[in-house]
Amino acid sequence: ESTGMTGSSNMVRYTRSANKQPPRHLGTRYSEDGLFLPEPGNTVVCHLVAESPSWRAVVEARESIRNLPGAERLAFTPVSSLHMTLFQGVIEFRRVWPYWPEGVSLDAPIDDVTRLYTDRLRNFSAGPSFSVTPTGLTPTGLAVEGCTPADRQALAIWRDRLAHCFGYRHPDHDDYAFHITFAYLTDWFEDDITQTWNEGLEEALERLKKRAPVLELSQPAFCTFNDMRHFEAVKVIGQ
């Protein structure tokens with residue numbers, strides 16, 4: 001999910017008064033008590049390099065969110081799952097064009113699509129290397145982007161090549177907001193915590209930017225998942 005920049009109005013969109021509907025993935029991706037539900041799919045991600053200095057800094061930012069008042073409304077994914085999605089694959093509850101490969105039946109099993117993509121990726125030409133930097137922090141995760149114009153261009157090249165390989169372009173293809181998910185909201189926040197959270201997020205982000213201006217990422221990998229807790233690499237597609 002897209003994570004926005006920090007700022008004075010940042011927390012408002014996570015409050016009860018700003019939302020008439022329940023959180024988007026509640027009941028399909030996770031339950032009200034914060035348990036993750038089966039939602040199989042595949043995806044192309046770069047995991048954070050575990051135990052690296054920048055990984056430690058990100059985990060610390062995640063911890064600071066867990067310690068804010070009302071954080072029990074967040075269902076946190078495991079630290080081992082921390083990753084930046086480079087390109088979205090298919091997912092069980094999103095069987096509709098343009099989120100599904102052209103020419104493949106909309107009721108094809110996820111495993112069949114995974115086999116198709118693994119096959120197509122044999123001839124895939126990897127994009128240029130890139131580095132990313134943290135830019136924003138929300139209750140649900142970290143917004144990131146390419147460090148330099150060249151890095152941002154490299155990310156765009158990867159996404160264009162993967163779109164060609166996978167057979168679709170999502171509506172947000174060109175302005176996809178790169179992010180690292182920490183958690184999902186099981187319920188909206190009470191309005192009176194807005195100020196505390198804005199200050200807490202701002203402090204945590206500044207600390208993270210100082211400690212980890214560049215995030216150490218693993219090579220892009222095509223992964224499968226049964227739910228949002230673990231992303232199993234099927235094929236590393238980095239250079």
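1. Cysteine 46 is buried in this predicted model, with a relative accessible area of 1%. No disulfide is counted anywhere in the structure. Cysteine 46 accordingly has no disulfide partner, and the nearest cysteine sulfur, that of cysteine 223, is 9.3 Å away. Because a disulfide requires two cysteine sulfur atoms within 2.5 Å, a separation of 9.3 Å does not qualify.

2. Cysteine 165 is likewise in no disulfide. The nearest cysteine sulfur to that of cysteine 165 is again the one of cysteine 223, here 15 Å away. Cysteine 165 counts as buried, at 9% relative accessibility.

3. The salt bridges deserve separate comment. The count comes to 17. One of them joins the side chains of arginine 211 and glutamate 60, with an N to O distance of 2.6 Å. This pair connects distant parts of the chain: arginine 211 belongs to helix α4 and glutamate 60 to helix α1, which covers residues 53-66. The two residues are 151 positions apart in the chain. Arginine 211 is partly exposed, at 42% relative accessibility, and glutamate 60 is also partly exposed, at 33%.

4. A further salt bridge is formed by glutamate 63 and arginine 62, at 3.9 Å from N to O. Because the cut-off for a salt bridge is 4 Å, the pair is included at its distance of 3.9 Å. Its partners fall into separate accessibility classes: glutamate 63 is partly exposed, with a relative accessible area of 34%, whereas arginine 62 is buried, with 5%.

5. Arginine 229 and aspartate 227 also meet through their side chains in a salt bridge, at 2.8 Å from N to O. Arginine 229 is partly exposed, with a relative accessible area of 43%, while aspartate 227 is buried, with 9%. Elsewhere, salt bridges with shared partners join Arg16, Arg73, Asp187 and Glu190 into one network.

6. Helix α4 spans residues 194-211 and contains glycine 200. Glycine 200 has a relative accessible area of 17% and is therefore classed as buried, since the threshold for that class is under 20%. Glycine 200 and serine 64 are 136 residues apart in sequence, yet their C-alpha atoms are 7.7 Å apart in space. Serine 64 falls within the range of helix α1, residues 53-66, so the glycine 200 and serine 64 pair may be read alongside the salt bridge of arginine 211 and glutamate 60, which links helix α4 with helix α1.

Technical notes:
Residues numbered from 1 in each chain as written. Predicted model: local features only at pLDDT ≥ 70, side-chain atom pairs only at ≥ 80, totals over all residues. Heavy atoms only, no water. Helix = DSSP H or I, 4+ residues; strand = E, 2+ residues; numbered from the N terminus. Buried < 20%, exposed > 50% of the residue type's maximum accessible area, 1.4 Å probe, protein only.
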